[in-house]
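Open the model in your viewer and keep the selection panel at hand. This tour goes stop by stop.

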Amino acid sequence: MNFQILITGANRGLGLALAEKLLADGSFIHAINRHESVELLHLREKYPDNLQLYPGDISDENSVRQSLHKIAGQVSALDIVLNNAAVHLEQSLPLLEQVDFSVYLPTYQANVIGPLMVIKNALPLLRKGRKKLIVNFSSEAGSIGTCGRQSEYSYCMSKAALNMASQILQNAVKEEGIKVLALHPGWFSSDMGGVAAPIPPSEAAEQIVKLLLNPPGLDGPVFVDSQGDTLEW
Ligand SMILES: NC(=O)c1ccc[n+]([C@@H]2O[C@H](COP(=O)([O-])OP(=O)(O)OC[C@H]3O[C@@H](n4cnc5c(N)ncnc54)[C@H](OP(=O)(O)O)[C@@H]3O)[C@@H](O)[C@H]2O)c1
(Lines give C-alpha, C1' and ligand atoms only; values in the text may rest on other atoms or scores of the structure.)
Protein backbone atom coordinates (compact mmCIF):
# COMPACT_ATOMS: atom_id res chain seq x y z
CA MET A 1 0.00 0.00 0.00
CA ASN A 2 1.54 3.23 -1.12
CA PHE A 3 -1.13 5.90 -0.68
CA GLN A 4 -1.14 9.58 0.17
CA ILE A 5 -3.44 9.72 3.19
CA LEU A 6 -4.80 12.65 5.18
CA ILE A 7 -5.81 11.88 8.76
CA THR A 8 -7.14 14.14 11.51
CA GLY A 9 -6.41 13.60 15.19
CA ALA A 10 -3.40 11.31 14.89
CA ASN A 11 -1.82 12.28 18.21
CA ARG A 12 -3.66 9.62 20.26
CA GLY A 13 -6.31 6.90 20.18
CA LEU A 14 -7.39 5.36 16.90
CA GLY A 15 -5.80 8.12 14.80
CA LEU A 16 -2.38 7.31 16.20
CA ALA A 17 -2.90 3.55 15.72
CA LEU A 18 -4.06 4.07 12.13
CA ALA A 19 -1.10 6.31 11.34
CA GLU A 20 1.28 3.71 12.80
CA LYS A 21 -0.26 0.85 10.80
CA LEU A 22 -0.51 2.81 7.53
CA LEU A 23 3.10 4.00 7.82
CA ALA A 24 4.28 0.45 8.52
CA ASP A 25 2.42 -0.64 5.37
CA GLY A 26 4.25 1.97 3.26
CA SER A 27 1.79 4.83 2.90
CA PHE A 28 2.56 8.53 3.25
CA ILE A 29 0.62 10.23 6.07
CA HIS A 30 -0.40 13.89 6.37
CA ALA A 31 -1.69 14.35 9.92
CA ILE A 32 -3.62 17.40 11.12
CA ASN A 33 -3.44 17.64 14.91
CA ARG A 34 -4.31 20.19 17.57
CA HIS A 35 -1.53 18.83 19.76
CA GLU A 36 1.56 16.76 19.14
CA SER A 37 2.09 13.84 21.52
CA VAL A 38 5.28 12.05 22.50
CA GLU A 39 4.00 8.97 20.64
CA LEU A 40 3.37 10.94 17.46
CA LEU A 41 6.79 12.58 17.60
CA HIS A 42 8.38 9.14 18.04
CA LEU A 43 6.50 7.99 14.96
CA ARG A 44 7.84 10.93 12.99
CA GLU A 45 11.39 10.04 14.12
CA LYS A 46 10.78 6.51 12.83
CA TYR A 47 9.28 7.65 9.51
CA PRO A 48 10.81 11.10 8.85
CA ASP A 49 10.11 10.92 5.10
CA ASN A 50 6.59 9.51 5.24
CA LEU A 51 4.93 11.38 8.12
CA GLN A 52 4.13 15.07 7.84
CA LEU A 53 2.54 16.88 10.78
CA TYR A 54 0.36 19.96 10.38
CA PRO A 55 -0.85 21.88 13.41
CA GLY A 56 -4.56 22.42 12.95
CA ASP A 57 -7.98 22.58 14.55
CA ILE A 58 -10.71 20.94 12.49
CA SER A 59 -13.32 23.15 14.16
CA ASP A 60 -11.82 26.22 12.51
CA GLU A 61 -12.02 26.51 8.71
CA ASN A 62 -9.13 28.97 8.49
CA SER A 63 -6.95 26.46 10.27
CA VAL A 64 -8.16 23.61 8.04
CA ARG A 65 -7.60 25.73 4.91
CA GLN A 66 -4.06 26.57 6.00
CA SER A 67 -3.24 22.91 6.64
CA LEU A 68 -4.59 21.85 3.24
CA HIS A 69 -2.69 24.68 1.58
CA LYS A 70 0.52 23.33 3.13
CA ILE A 71 -0.36 19.78 2.06
CA ALA A 72 -0.98 21.00 -1.51
CA GLY A 73 2.54 22.42 -1.40
CA GLN A 74 3.87 18.92 -0.66
CA VAL A 75 1.78 16.63 -2.87
CA SER A 76 -0.35 16.92 -5.99
CA ALA A 77 -2.97 14.39 -4.91
CA LEU A 78 -4.53 12.68 -1.89
CA ASP A 79 -5.81 9.12 -2.16
CA ILE A 80 -7.70 8.77 1.13
CA VAL A 81 -9.12 11.24 3.67
CA LEU A 82 -9.66 9.85 7.18
CA ASN A 83 -11.88 12.15 9.24
CA ASN A 84 -11.01 10.53 12.54
CA ALA A 85 -10.89 13.48 15.00
CA ALA A 86 -13.95 13.90 17.20
CA VAL A 87 -15.01 14.83 20.71
CA HIS A 88 -17.27 13.25 23.31
CA LEU A 89 -17.90 16.05 25.77
CA GLU A 90 -20.73 14.45 27.82
CA GLN A 91 -18.73 11.59 29.33
CA SER A 92 -21.01 11.47 32.41
CA LEU A 93 -24.02 10.67 30.14
CA PRO A 94 -26.41 13.10 31.90
CA LEU A 95 -30.18 12.79 31.63
CA LEU A 96 -31.87 15.75 29.97
CA GLU A 97 -32.57 17.50 33.30
CA GLN A 98 -28.81 17.63 34.01
CA VAL A 99 -27.61 18.49 30.51
CA ASP A 100 -25.12 21.32 30.04
CA PHE A 101 -25.94 22.66 26.59
CA SER A 102 -22.70 24.62 26.35
CA VAL A 103 -20.97 21.48 25.01
CA TYR A 104 -23.51 20.89 22.24
CA LEU A 105 -22.34 23.37 19.61
CA PRO A 106 -18.64 22.51 20.14
CA THR A 107 -19.61 18.84 19.67
CA TYR A 108 -21.34 19.61 16.37
CA GLN A 109 -18.50 21.86 15.32
CA ALA A 110 -15.89 19.11 15.81
CA ASN A 111 -17.91 16.01 14.87
CA VAL A 112 -20.03 17.19 11.94
CA ILE A 113 -18.98 20.56 10.57
CA GLY A 114 -15.24 19.89 11.04
CA PRO A 115 -15.19 16.76 8.84
CA LEU A 116 -17.15 18.63 6.14
CA MET A 117 -14.69 21.52 6.29
CA VAL A 118 -11.80 19.07 5.91
CA ILE A 119 -13.45 17.43 2.88
CA LYS A 120 -14.36 20.75 1.28
CA ASN A 121 -10.73 21.83 1.40
CA ALA A 122 -9.30 18.41 0.50
CA LEU A 123 -11.56 17.71 -2.50
CA PRO A 124 -9.31 19.31 -5.13
CA LEU A 125 -6.45 16.98 -4.08
CA LEU A 126 -8.73 13.97 -3.61
CA ARG A 127 -10.14 14.35 -7.15
CA LYS A 128 -6.61 13.77 -8.44
CA GLY A 129 -5.99 10.77 -6.17
CA ARG A 130 -5.95 7.10 -7.16
CA LYS A 131 -8.10 5.59 -4.39
CA LYS A 132 -10.65 8.43 -4.06
CA LEU A 133 -11.94 7.38 -0.63
CA ILE A 134 -13.38 9.51 2.18
CA VAL A 135 -13.91 7.89 5.58
CA ASN A 136 -15.90 9.78 8.18
CA PHE A 137 -15.50 8.07 11.53
CA SER A 138 -19.05 7.63 12.73
CA SER A 139 -20.41 5.32 15.42
CA GLU A 140 -23.20 2.86 16.12
CA ALA A 141 -24.18 5.66 18.52
CA GLY A 142 -25.35 7.57 15.42
CA SER A 143 -27.82 4.88 14.39
CA ILE A 144 -31.41 6.05 14.98
CA GLY A 145 -32.89 2.68 14.02
CA THR A 146 -31.04 0.73 16.72
CA CYS A 147 -30.96 3.45 19.39
CA GLY A 148 -31.85 2.27 22.90
CA ARG A 149 -30.05 4.97 24.86
CA GLN A 150 -31.78 7.39 27.24
CA SER A 151 -28.91 9.89 27.42
CA GLU A 152 -25.71 10.85 25.53
CA TYR A 153 -27.68 13.23 23.30
CA SER A 154 -24.90 15.41 21.93
CA TYR A 155 -22.48 12.69 20.75
CA CYS A 156 -25.24 10.47 19.31
CA MET A 157 -26.94 13.40 17.58
CA SER A 158 -23.62 14.53 16.11
CA LYS A 159 -22.85 11.09 14.66
CA ALA A 160 -26.40 10.80 13.21
CA ALA A 161 -25.82 14.17 11.56
CA LEU A 162 -22.43 13.02 10.29
CA ASN A 163 -24.18 10.00 8.76
CA MET A 164 -26.57 12.29 6.90
CA ALA A 165 -23.69 14.49 5.74
CA SER A 166 -21.89 11.37 4.49
CA GLN A 167 -24.86 10.19 2.39
CA ILE A 168 -25.44 13.66 0.89
CA LEU A 169 -21.76 13.88 0.04
CA GLN A 170 -21.80 10.38 -1.47
CA ASN A 171 -24.70 11.42 -3.73
CA ALA A 172 -22.76 14.52 -4.76
CA VAL A 173 -19.39 12.94 -5.58
CA LYS A 174 -20.38 9.48 -6.83
CA GLU A 175 -20.17 10.50 -10.49
CA GLU A 176 -16.57 11.54 -9.88
CA GLY A 177 -15.75 8.04 -8.63
CA ILE A 178 -15.29 9.13 -5.01
CA LYS A 179 -16.51 6.69 -2.35
CA VAL A 180 -17.73 8.01 1.02
CA LEU A 181 -18.03 5.88 4.15
CA ALA A 182 -19.54 6.68 7.55
CA LEU A 183 -17.60 4.04 9.43
CA HIS A 184 -18.32 2.63 12.89
CA PRO A 185 -14.83 1.52 13.94
CA GLY A 186 -16.01 -0.80 16.74
CA TRP A 187 -15.52 -0.29 20.48
CA PHE A 188 -11.83 0.03 21.37
CA SER A 189 -9.91 1.39 24.32
CA SER A 190 -8.92 5.07 24.16
CA ASP A 191 -9.62 8.27 26.08
CA MET A 192 -13.04 8.23 24.40
CA GLY A 193 -13.68 4.48 24.41
CA GLY A 194 -12.50 3.96 28.01
CA VAL A 195 -10.51 1.09 29.49
CA ALA A 196 -13.33 -1.48 29.50
CA ALA A 197 -13.38 -1.73 25.70
CA PRO A 198 -12.72 -5.26 24.37
CA ILE A 199 -9.91 -4.41 21.93
CA PRO A 200 -6.99 -1.95 21.75
CA PRO A 201 -6.97 0.73 19.05
CA SER A 202 -4.22 -1.18 17.19
CA GLU A 203 -6.65 -4.08 16.63
CA ALA A 204 -9.40 -1.73 15.42
CA ALA A 205 -6.86 -0.10 13.09
CA GLU A 206 -5.81 -3.49 11.61
CA GLN A 207 -9.36 -4.24 10.52
CA ILE A 208 -9.99 -0.69 9.25
CA VAL A 209 -6.86 -0.77 7.08
CA LYS A 210 -8.15 -3.98 5.45
CA LEU A 211 -11.39 -2.14 4.67
CA LEU A 212 -9.50 0.83 3.21
CA LEU A 213 -7.88 -1.55 0.74
CA ASN A 214 -11.18 -3.12 -0.23
CA PRO A 215 -14.07 -0.71 0.51
CA PRO A 216 -17.66 -1.20 -0.67
CA GLY A 217 -18.21 0.02 -4.25
CA LEU A 218 -19.77 3.31 -5.27
CA ASP A 219 -23.25 1.73 -5.21
CA GLY A 220 -22.52 -0.09 -1.94
CA PRO A 221 -23.44 0.97 1.58
CA VAL A 222 -22.26 4.21 3.19
CA PHE A 223 -22.88 3.51 6.91
CA VAL A 224 -20.82 0.42 7.66
CA ASP A 225 -18.85 -1.34 10.38
CA SER A 226 -15.16 -2.06 9.99
CA GLN A 227 -15.90 -5.34 8.16
CA GLY A 228 -17.72 -3.26 5.54
CA ASP A 229 -21.13 -4.64 6.59
CA THR A 230 -24.16 -2.33 6.36
CA LEU A 231 -25.42 -0.69 9.55
CA GLU A 232 -28.95 0.55 10.12
CA TRP A 233 -29.26 4.33 9.79
N1 LIG B 1 -13.32 4.76 21.07
C2 LIG B 1 -14.36 4.07 20.59
O3 LIG B 1 -14.68 2.98 21.08
C4 LIG B 1 -15.15 4.62 19.43
C5 LIG B 1 -16.34 3.98 19.08
C6 LIG B 1 -17.06 4.45 17.99
C7 LIG B 1 -16.58 5.52 17.25
N8 LIG B 1 -15.41 6.12 17.62
C9 LIG B 1 -14.93 7.23 16.78
O10 LIG B 1 -13.61 6.93 16.36
C11 LIG B 1 -12.84 8.14 16.23
C12 LIG B 1 -11.58 8.07 17.08
O13 LIG B 1 -11.98 7.88 18.44
P14 LIG B 1 -10.91 7.76 19.64
O15 LIG B 1 -11.52 6.86 20.63
O16 LIG B 1 -9.56 7.49 19.11
O17 LIG B 1 -10.98 9.25 20.24
P18 LIG B 1 -9.96 9.97 21.27
O19 LIG B 1 -9.04 9.00 21.87
O20 LIG B 1 -10.82 10.81 22.15
O21 LIG B 1 -9.14 10.94 20.29
C22 LIG B 1 -9.81 11.96 19.62
C23 LIG B 1 -8.84 12.63 18.67
O24 LIG B 1 -9.53 13.71 18.00
C25 LIG B 1 -8.74 14.88 18.12
N26 LIG B 1 -9.56 16.09 18.04
C27 LIG B 1 -10.69 16.38 18.70
N28 LIG B 1 -11.13 17.60 18.37
C29 LIG B 1 -10.24 18.09 17.46
C30 LIG B 1 -10.14 19.30 16.74
N31 LIG B 1 -11.06 20.29 16.90
N32 LIG B 1 -9.11 19.47 15.87
C33 LIG B 1 -8.18 18.48 15.71
N34 LIG B 1 -8.22 17.32 16.37
C35 LIG B 1 -9.24 17.13 17.25
C36 LIG B 1 -8.07 14.72 19.47
O37 LIG B 1 -7.00 15.63 19.58
P38 LIG B 1 -6.61 16.39 20.97
O39 LIG B 1 -5.60 15.51 21.64
O40 LIG B 1 -6.07 17.68 20.51
O41 LIG B 1 -7.87 16.53 21.77
C42 LIG B 1 -7.64 13.27 19.39
O43 LIG B 1 -6.50 13.13 18.59
C44 LIG B 1 -13.80 9.27 16.64
O45 LIG B 1 -14.40 9.81 15.49
C46 LIG B 1 -14.83 8.56 17.50
O47 LIG B 1 -16.06 9.25 17.54
C48 LIG B 1 -14.69 5.71 18.69
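The stops below cover two helix pairs and two single residues. Keep in mind throughout that this is a predicted model.

**Stop 1: α3 and α4**

Select residues 61-74 for helix α3 and residues 104-126 for helix α4. Their axes lie 9 Å apart, and the packing angle is about 20°. Angles under 35 degrees count as roughly parallel, so α3 is roughly parallel to α4. The crossing of these two helices is right-handed.

Now show side chains. On the α3 side, pick E61, V64, R65, L68, I71 and A72. They meet M117, V118, K120, N121, A122 and L125 of α4. Colour this contact by class: eight residues are nonpolar, one is polar and three are charged.

**Stop 2: α4 and α5**

Keep α4 and add helix α5, residues 153-173. How far apart are the axes of α4 and α5, and at what angle do they cross? They come within 8 Å and cross at roughly 20°. That makes α4 roughly parallel to α5. Here, the crossing is right-handed.

Next, select the contact residues. From α4, take Y104, T107, Y108, N111, V112, P115, L116, I119 and L123. Facing them in α5 are Y153, S154, Y155, M157, S158, K159, A161, L162, A165, L169 and V173. The class split for α4 with α5 is 15 nonpolar, four polar and one charged.

**Stop 3: K159**

Stay on α5 and centre on K159, which lies in that helix. Is K159 buried or exposed? Its relative accessibility is 3%, so K159 counts as buried; the cut-off for buried is under 20%.

Display its surroundings. Leaving out residues up to four places away in sequence, K159 touches A86, N111, F137, S138, S139 and G142. One of these, N111, also belongs to the α4 residues that meet α5. Then add A141: the C-alpha atoms of K159 and A141 are 6.8 Å apart, with their positions 18 residues apart in sequence.

**Stop 4: L218**

Move to the loop between α6 (201-213) and β7 (223-225), and select L218. At 31% relative accessibility, L218 counts as partly exposed.

Which residues does L218 touch, beyond those up to four places away in sequence? Select Q170, K174, G177, I178 and K179. Finish with a C-alpha distance: L218 and K179 are separated by 5.5 Å, although they sit 39 residues apart along the chain.

How values were computed
Residues numbered from 1 in each chain as written. Predicted model: local features only at pLDDT ≥ 70, side-chain atom pairs only at ≥ 80, totals over all residues. Heavy atoms only, no water. Axes fitted to C-alpha atoms, helices over the stretch in contact; angles between N-to-C directions. Helix = DSSP H or I, 4+ residues; strand = E, 2+ residues; numbered from the N terminus. Parallel < 35°, antiparallel > 145°, perpendicular 65-115°, else oblique. Left-handed = near helix turned anticlockwise from the far one by under 90°. Contact = heavy atoms within 4.5 Å. Nonpolar A, V, L, I, M, F, W, Y, C, P; charged D, E, K, R; others polar. Buried < 20%, exposed > 50% of the residue type's maximum accessible area, 1.4 Å probe, protein only.
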